[in-house]
Amino acid sequence: MSELTKKTDEDVIEKPLPPNWILQHPMYQHLMNLDVGDSAQVHAAFLVYLDLAEVRQWKEVSGVGCSELRLVLLEGREKEGEPTQTVLPLPVHRGLCHRSVRSVLARGSPMLLCVVASDSSLVYQRMCDGLLTPDPPVCIQDQGRRQHRKRRQQH
């Protein structure tokens, strides 16, 4: 590397983000252009997008509009080569009816519901069509039938 192209940490100065950086983000603008008419749901979808793409490192995360429900959905892959999953971002104050869940599940891909709280906390819940057998617990050892049994001593 030549002396002209070598940079040190001192040469890189991070500029603070403008106060309205979310409005200028290309994905936020794309989600707004889906024209679902609910800016709170678009904002929630953008926060979920940031979590999936930047924090959880999902692949191929994109926003799609669901005109029937007037919602923004996200689609992406948790890992390379895995099937596409649909994520329904929902602000905590917005209700969800059974018809909406069935409509998203009818798309055919696995579905995650992501509830976005007013403090930007995210809670994910896997949804499925029908009953789903839960995964077995991790690191639970069988300690026998008398694990928590104690008899009271009589005086």
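Strand β2 (residues 71-77) and strand β3 run antiparallel and are joined by three bridges, where strands count as paired if DSSP finds at least two bridges between them. Within this pair, leucine 74 stands opposite valine 87 of β3. Helices (H or I, at least four residues) and strands (E, at least two) are taken as DSSP runs and numbered from the N terminus. The model is a predicted one, in which local features need pLDDT of at least 70 and side-chain atom pairs count only at pLDDT 80 or more, while totals for chains, interfaces and linings use all residues. Residues are numbered from 1 along each chain as its sequence is written, and side-chain values use heavy atoms, with hydrogens and water left out.

The secondary structure of the protein chain comes to four helices and five strands, and from the N terminus on these elements run in the order α-α-α-β-β-β-α-β-β. The strands form an open sheet of five, ordered β1-β2-β3-β4-β5, with mixed pairing. Because β1 (59-66) and β5 stand at the edges with a single partner strand each, one side of each is left without a neighbour in the sheet. The twist averages 25° from one strand to the next, with axes defined as lines fitted to C-alpha atoms, for helices over the stretch in contact, and with angles running from 0 to 180 degrees between N-to-C directions.

At one edge of the sheet, β1 and β2 run antiparallel and are joined by six bridges, with valine 64 standing opposite leucine 73 of β2. The hairpin of β1 and β2 has four residues between the strands, and arginine 70 takes a positive phi near 55° in this hairpin. On the other side of β3, six bridges join this strand to β4 (residues 111-116), and the two run parallel; here proline 91 has valine 116 as its bridge partner in β4. Strands β4 and β5 run antiparallel and are likewise joined by six bridges, and methionine 111 has methionine 127 of β5 as its bridge partner.

Helix α3 packs on this sheet and touches β1, β2, β3, β4 and β5, its direction making about 130° with that of β3, where contact means heavy atoms within 4.5 Å. Helix α4 also packs on the sheet, touching β2, β3, β4 and β5, and its direction makes about 135° with that of β4. Together, β3, helix α4 (residues 98-105) and β4 make a right-handed β-α-β unit, the hand being right if, with the strands pointing away from the viewer, the path from the first strand over the helix to the second runs clockwise.

Burial was assessed by relative accessible area, with buried meaning under 20%, exposed over 50% and partly exposed in between (1.4 Å probe, protein chains only). Seven of the seven residues of β3 (residues 85-91) are buried, so this strand is largely enclosed by the rest of the structure. Gln85, Val87, Pro89 and Pro91 point one way from β3, whereas Thr86, Leu88 and Leu90 point the other way, and all are buried. Six of the seven residues of β2 are buried, so β2 too is largely enclosed by the rest of the structure. In α4 the buried residues are Ser100, Val101, Ser103, Val104 and Leu105, and what covers them includes β2, β3, β4 and β5 (122-127). Of the 155 residues of the protein chain, 29% count as buried.

Helix α2 (residues 26-33) and helix α3 (residues 39-55) pack at an angle of about 145°, with their axes 10 Å apart. In this packing, Met27, Tyr28, Leu31 and Met32 of α2 meet Val42, His43, Ala45, Phe46 and Tyr49 of α3. Among contacts in the protein chain between residues at least 6 apart in sequence, 49% join residues at least 24 apart.

With a disulfide defined as a pair of cysteine sulfur atoms within 2.5 Å, the count comes to zero disulfides. Cysteine 66 counts as buried because its relative accessibility is 10%, whereas cysteine 128, at 31% relative accessibility, counts as partly exposed.
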